[in-house]
Amino acid sequence: MFNKILIANRGEIACRVAATAKRMGVQTVAVYSDADAQSKHVQVCDQAVHVGGSAPKDSYLQWERILQAAIDTGAQAVHPGYGFLSENEDFAKACAAKGLVFIGPPASAIQAMGLKAESKQRMQQAGVPLVPGYHGADQSRQLLQREADAMGYPVLIKASAGGGGKGMRVVEKKEEFIPALQMAQNEARNAFGDDSVFIEKYVGSPRHIEIQLMADNYGNACYLFERECSIQRRHQKLVEEAPSAVLTPEIRRAMGEAAVNVAKACNYSGAGTVEFLLSESMEFYFLEMNTRLQVEHPVSEEVTGIDLVRAQFDIADGKKLDPKDPEIRGHSIEFRINGEDPGRNFLPTPGVITKWKTPSGPGIRVDAGFTSGDVISGNFDSLLAKLIVTGATREQAL
């Protein structure tokens, strides 16, 4: 096992990774921007290295500085957390080139699943069910309009390189398509530097179900059941739970097996999540794969008893998956705590945290990256912490 790792992230996920590393006796190196010099993740790690200005592009996305920090501090591996560089295949390749272990999937798998349209073509070849749609390379507006017309409205326009609801539009009528397409492309170009989109038949009132995957470097893969993430605002998840209250054992097994097929289709290793839409008639369709740890991973940990960060470390260290099949134990729900103002349509709200008080007790877990006196910066995502509650039943958890 590694003696020291660098955590290429900030906030609650950096603190979360550091907590597992400490339990394993692994030393940690934090990186920080100007805005985060006094942040909690800097305090909980054994060492900390300044990597640039407050904006992410000047610090947490500067992978040359981050890799140099790893080398200078003697770290042997890099954990990317989520967001920032976690799904950047060039960063994964750069780690390998510097002799550092990237605690995540191979760069080839990140690349294969990174572009949503191309990944859907790959999944179609693997026999994974897809929502009817157009995922082609031709991005002419006339062709996209024809494809949408042929599907019948409503349709969903979605950025191929997207995530977090950016570059996404639901179109109800033919005459609304071109204006919506232009807005989606502009938003995608600004957010991801790529304005390509795909179009799918819009599934009304779906449930958002995702399967937690683990795969090792020897071709073994398993699923650690599902999380339901249907409660969202502006396509951002707010409440996540495991297991889903509506899945039958048969559907759970079918979704899990489909997710394993996804992993094997791209030679995946490490922790990953395959997201599906579940229709009102209980048919499920592949949505996308996230080639990283998810914000909502704690609920899967709570109901399986498996530390997913530790499992990531073990797989990156060359260990095989535990052949014992996991079991669901109880019910767990995660609530995201965001620095937002409900009185202003939940806009992100920077400022000083004057008082921070967390609950505790049986069945209560708080993963946080902040405490009293910390400053919420306007440069980053508004997520501050996660409240995770677990009980023998869903009612107890609630």
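The legends below accompany an overall view and several close-up views of a predicted model of a protein chain.

**Figure 1. Overall view of the protein chain, with its 12 helices and 21 strands.** The radius of gyration of the protein chain is 21 Å, close to the 21 Å that the globule rule gives for 398 residues, so the chain is as compact as a globular protein of that length. Taken along the principal axes, the box filled by the C-alpha atoms is roughly 60 × 45 × 45 Å. Of the 398 residues in the chain, 51% count as buried.

**Figure 2. Close-up of an open sheet of five strands with parallel pairing.** Read across the sheet, the order of the strands is β3-β2-β1-β4-β5. The edges are formed by β3, which covers residues 47-52, and by β5, which covers residues 101-102, and each of these strands pairs on one side only. Strand β4, made of residues 77-79, runs parallel to β5 and is joined to it by two bridges. Within this pairing, Val-78 has Phe-102 of β5 as its bridge partner.

**Figure 3. Close-up of an open sheet of four strands with antiparallel pairing.** Here the strands follow the order β6-β9-β7-β8. The edge strands are β6, at residues 133-134, and β8, at residues 168-171, each of which pairs on one side only. Two bridges join β6 to strand β9, residues 197-201, and the two strands run antiparallel. Gly-133 is the residue that stands opposite Glu-200 in β9.

**Figure 4. Close-up of the second largest pocket, which has a volume of about 560 Å³.** The lining of this pocket is made up of 22 residues, and those that lie nearest its centre are Ile-306, Leu-321, Asp-322, Pro-323 and Lys-324. Strand β11, residues 221-233, and helix α11, residues 308-316, each supply at least two residues of the lining, and the largest share, four residues, comes from α11. By type, the lining residues of the second largest pocket divide into 10 nonpolar, two polar and 10 charged.

**Figure 5. Close-up of the two cavities of 30 Å³ or more that a search of the whole structure finds.** Rolling a probe the size of a water molecule over the atoms shows where empty space is left. The largest cavity has a volume of about 40 Å³, and its lining includes His-79, Pro-80, Gly-81 and Phe-102, together with Arg-292 and Gln-312. The lining of the largest cavity divides into five nonpolar residues, six polar residues and one charged residue. Phe-102, which lines the largest cavity, is also the bridge partner of Val-78 in the sheet of Figure 2. The second largest cavity has a volume of about 30 Å³ and is lined by Arg-10, Gly-11, Asp-36, Ser-39, Lys-40, His-41, Gly-369 and Phe-370. The residues of this second lining divide into one nonpolar, four polar and three charged.

**Figure 6. Close-up of cysteines in a structure where a search finds zero disulfides.** The cysteine sulfur closest to that of Cys-15 belongs to Cys-45 and is 7.2 Å away, which is too far for a bond, given that a disulfide requires sulfur atoms within 2.5 Å. Cys-15 is buried, with a relative accessible area of 10%. Cys-229 is likewise in no disulfide, and the nearest cysteine sulfur, that of Cys-222, is 19 Å away. Cys-229 also counts as buried, at 0% relative accessibility.

**Figure 7. Close-up of two cis peptide bonds, from Tyr-153 to Pro-154 and from Ala-242 to Pro-243.** For the bond from Tyr-153 to Pro-154, omega is near 5°, and Pro-154 lies in the loop between α7, residues 141-151, and β7, residues 155-159. For the bond from Ala-242 to Pro-243, omega is near -5°, and Pro-243 is found in the loop between β12, residues 236-242, and α9, residues 249-265.

**Figure 8. Close-up of Asn-267 and Met-282, two residues with positive phi that are not glycine.** Phi of Asn-267 is near 50°, and this residue is found in the loop between α9 and β13, the latter at residues 270-278. Asn-267 counts as exposed, at 63% relative accessibility. Met-282 has a phi of about 65° and is placed in the loop between β13 and β14, the latter at residues 284-290. At 30% relative accessibility, Met-282 counts as partly exposed.

Key. Residues numbered from 1 in each chain as written. Predicted model: local features only at pLDDT ≥ 70, side-chain atom pairs only at ≥ 80, totals over all residues. Heavy atoms only, no water. 1 Å grid on protein atoms, 1.4 Å probe; cavity = no way out; pocket = protein on both sides within 12 Å on 5 of 7 lines; lining within 4 Å. Points joined across faces, edges and corners; volume = space filled by probe spheres on them. Nonpolar A, V, L, I, M, F, W, Y, C, P; charged D, E, K, R; others polar. Buried < 20%, exposed > 50% of the residue type's maximum accessible area, 1.4 Å probe, protein only. Pairing = 2+ DSSP bridges. Rg over C-alpha atoms; globule rule 2.2 N^0.38 Å.
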